[in-house]
Amino acid sequence: MIPAPEIRIAPSILSADFARLGEEVTALDSAGADYIHVDVMDGHYVPNLTIGPGVVKALRPHSAKIFDVHLMISPADPFIEAFAAAGADIITIHPEAGPHFHRTLQVIRGLGKKAGVALNPGTATGVLDHVMDLVDLVLVMTVNPGFGGQAYISVPDKIADVRRRIAATGREIDLEVDGGINPDTAREVIKAGANVLVAGTAVFKDGPARYADHIRAIRGG
Ligand code: DX5
Ligand code: ZN
């Protein structure tokens, strides 16, 4: 029996001040963030454009915390190596974003990085059936990907289903949720089985002096 995992908070720098990104990452690190969540968007897989491997590389010296890179790009394969070299620790992909996501997971693992699979609200958990041995993290989206600040989509049964699948492997695999997470919705997803909580708006809303308070509140006091 694997003990209940500790709750980790992964602030999304999508809600940071992009003119001061390095300082923002340092501030999150000091405020108690466990992972630094980096949302990469290509204007194609999702209707928004954000940052590339060059920015990840520039941010890397600003924190020793885990860089949790969420790729919302299609295809992802041509960029995996660049994000790995830039300093990503976890690289998460969307199965719809390429024709062979099993191969993409193999490539991520082959580069010595942790591999994640993200499930959109409309993506069934069955997509995990034949890849769990290649997975270190499952990301359950609680919004449709593309923007911060969207309304939370409640999927506790889906999170519980993923938690059962993780338990069946006997391995430690992160169950991350992303979208509309605040101290209230955090309670629901933790109860359902999530252990890594991404939060953008709820961490950044009051400026750097409050990051630590908000991270603590999302974690549960
Ligand atoms: C959405 C991103 C999320 C987003 C979360 O596509 O993957 O990480 O920034 O932002 P909030 O917490 O504001 O919903
Ligand atoms: Zn994300």
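**Notebook: a zinc site and two helices**

I began with the zinc ion (ligand 2), and in sequence I found its donor residues spaced H-x1-D-x30-H-x107-D, where donors are N, O and S atoms within 2.8 Å of the metal (3.2 Å for Na, K and Ca), and water is not among the atoms, so sites may look incomplete. His-37 lies in strand 2 (residues 35-41) and Asp-178 in strand 7, so this pair ties together parts that are 141 residues apart in sequence; helices (H or I, at least four residues) and strands (E, at least two) are DSSP runs, numbered from the N terminus.

Before going on I noted that this is a predicted model, in which local features need pLDDT of at least 70 and side-chain atom pairs count only at pLDDT 80 or more, while totals for chains, interfaces and linings use all residues. I also noted that residues are numbered from 1 along each chain as its sequence is written, that chains are lettered from A and ligands numbered from 1 in the order in which they are written, and that side-chain values use heavy atoms, with hydrogens and water left out.

**The zinc site**

Which atoms coordinate the zinc ion (ligand 2)? I listed His-37 (NE2), Asp-39 (OD), His-70 (ND1) and Asp-178 (OD), at 2.0 to 2.3 Å. The 6 donor atoms subtend angles of 67 to 166° around the zinc ion (ligand 2), which makes the arrangement octahedral, a term used for six donors if opposite ones are over 155 degrees apart and all others between 65 and 115.

I then looked up whether the ligating residues are buried (under 20% relative accessible area, with exposed over 50% and partly exposed in between, for a 1.4 Å probe and protein chains only). His-37 counts as buried at 0% relative accessibility, and Asp-178 is buried with a relative accessible area of 8%. The side chains of His-37 and His-70 are joined by a polar contact of 3.4 Å, that is, a pair of N or O atoms within 3.5 Å, of which, within protein, one must be able to donate a hydrogen and the other to accept it, and residues adjacent in sequence count only if both atoms are side-chain atoms. Leaving aside neighbours within four places in sequence, I found His-37 in contact (heavy atoms within 4.5 Å) with residues including Ala-10, Pro-11, Asp-68, Glu-176 and Val-198.

**Helix 5 and helix 8**

In helix 5 I marked Lys-158, Ile-159, Val-162, Arg-163 and Ile-166 as buried. They cover an arc of only 140° around the axis, which puts them on the same side of helix 5; the arc is that of the directions from the helix axis to the C-beta atoms. The face turned away from this buried side carries the exposed residues Asp-157, Arg-164, Ala-167 and Ala-168. Among the elements that cover the buried residues of helix 5 are strand 7 (174-178) and helix 6 (183-192). After helix 5 comes Gly-170, whose phi is positive, near 75°.

In helix 8 (residues 211-219) I marked Tyr-211, His-214, Ile-215 and Ile-218 as buried. Seen down the axis of helix 8, these residues fall within an arc of 100°, so they line one face of the helix. Their cover includes strand 1 (8-11), helix 1 (21-30) and helix 6. Helix 8 is followed by Gly-220, which has a positive phi, near 115°.

**A cis peptide bond**

Last, I noted that the peptide bond from Ser-74 to Pro-75 is cis, with omega near -5°, and that Pro-75 lies in the loop between strand 3 (66-72) and helix 3 (77-86).

Technical notes. Tetrahedral: all angles 85-135°; square planar, octahedral: opposite > 155°, others 65-115°.
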